[in-house]
Every structure is written in C-alpha cells, then in structure tokens.
Amino acid sequence: MNMTEEQSKLLANFEARVRQLIFLCDEMKEENNDLRLQLEGLKSSYYNLETENKTIKVKYDNLKMARIVSIVQDDFKGAKARLSNLVKEVDKCIALLNE
C-alpha cells in the first residue's frame, strides 16, 4: 500500500501535533507537581500561623484576665483606703461630740 504525498503530509502533520500534545502534557504535569508542592508549603504555613494565632489568643485572654484582676485589686485597695478615711472622720466627729 503506497501513500500519496498528501497522505504523507497529513501523517507527518498528525505526528507533529501528537508530539506537541505530548510535550504540552509533560509541561502540564510538571506545572501540576510544582503547584502541588507550593500548595503543601502554603498549607504548612497556614497551619503554623493558625497555631501561632491560637497561642496569641490564649496569651491575650490571660493578659485581659490579669488586667481585670489588677483593676479589681486596685479598686479594692482604693475602697479600703476610702473606708479607712471615713472611719477616721467618724472617729473625729465622735471625739468632737464627746467634748
């Protein structure tokens, strides 16, 4: 079976296109692998940042609680000082009344 010149050209064109598709497929596979590696790196970074964020939130909550306790203690000290001053004033008034 002899091929005509036109059939030979068509076959050569077909072979060239198949080679081009194989080349493009290989490129896509390589790009896909690169993107998978990049995705794994980004996932790792995300999980690290998520863990760091949780740690920072816990520290922030602890700091808020410590500050609230500090404010309550300061209020308690201030109230105690005001009460002490009131007792002194009452004692002065009683002393003046007893004269």
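## A friendly first look at this predicted model

Lys 9 is exposed, with a relative accessible area of 56%. That residue makes a good doorway into this structure, which is a predicted model. Lys 9 shares a salt bridge with Glu 5, and both residues belong to helix H1. Helix H1 covers residues 5-98, and the points below follow this helix from topic to topic.

**Salt bridges**

- How many salt bridges does a search of the whole structure find? The search turns up two.
- One of them joins the side chains of Lys 9 and Glu 5, at 3.6 Å from N to O.
- Lys 9 and Glu 5 sit four residues apart in helix H1, about one turn of the helix.
- Glu 5 has a relative accessible area of 60%, so this residue counts as exposed, the cut-off being over 50%.
- In the other bridge, the side chain of Lys 92 meets that of Glu 89, with 4.0 Å between N and O.
- Lys 92 and Glu 89 are three residues apart in helix H1, so about one helical turn separates them.
- Lys 92 is exposed at 53% relative accessibility, whereas Glu 89 is partly exposed at 43%.
- As general background, side chains of opposite charge can pair when their charged atoms come close.

**An aromatic pair**

- The count of aromatic pairs comes to one.
- The ring centres of Tyr 46 and Tyr 47 lie 5.5 Å apart and their planes meet at 65°, so this pair is edge-to-face.
- The angle cut-off behind that label is over 60 degrees.
- Are these two rings on buried or exposed residues, or something in between? Tyr 46 is partly exposed, with a relative accessible area of 47%, and Tyr 47 is also partly exposed, at 48%.
- Tyr 46 is located in helix H1.

**Surface patches**

- Which residues make the nonpolar surface patch? Met 3, Leu 11, Phe 14, Val 18 and Ile 22 form this patch, which has an area of about 460 Å².
- Val 18, one of the patch members, lies in helix H1.
- Val 18 has a relative accessible area of 31% and is partly exposed; residues in patches need over 30%.
- A patch of negative charge also appears on the surface, where Asp 26, Glu 27, Glu 30, Glu 31 and Asp 34 gather.
- Asp 26, one of that group, has its place in helix H1.
- With a relative accessible area of 44%, Asp 26 is partly exposed.

**Distances along the chain**

- How far apart in space are Tyr 46 and Ala 16? Their C-alpha atoms are 44 Å apart, with these positions 30 residues apart in sequence numbering.
- Another pair to look up is Ala 81 and Glu 52, which are 29 residues apart along the chain and 43 Å apart from C-alpha to C-alpha.
- Ala 81 is found in helix H1, and this residue is partly exposed at 40% relative accessibility.

Notes:
Residues are numbered from 1 along each chain as its sequence is written. This is a predicted model: local features need pLDDT of at least 70, side-chain atom pairs count only at pLDDT 80 or more; totals for chains, interfaces and linings use all residues. Side-chain values use heavy atoms; hydrogens and water are left out. Rings of Phe, Tyr and Trp (its six-membered ring) pair if their centres lie within 6.5 Å; planes under 30 degrees apart count as stacked, over 60 as edge-to-face and the rest as tilted. Buried means under 20% relative accessible area, exposed over 50%, partly exposed in between (1.4 Å probe, protein chains only). Patches are made of residues with over 30% relative accessible area and no salt bridge: like charges are joined within 9 Å, nonpolar side chains (Val, Leu, Ile, Met, Phe, Trp, Tyr) within 5 Å. Accessible areas come from the Shrake-Rupley method with a 1.4 Å probe; for residues, only the protein chains shown count as cover. Helices (H or I, at least four residues) and strands (E, at least two) are DSSP runs, numbered from the N terminus. Lys and Arg count as positive and Asp and Glu as negative; His and the chain ends are not counted. The place of a charge is taken as NZ of Lys, CZ of Arg, CG of Asp or CD of Glu.
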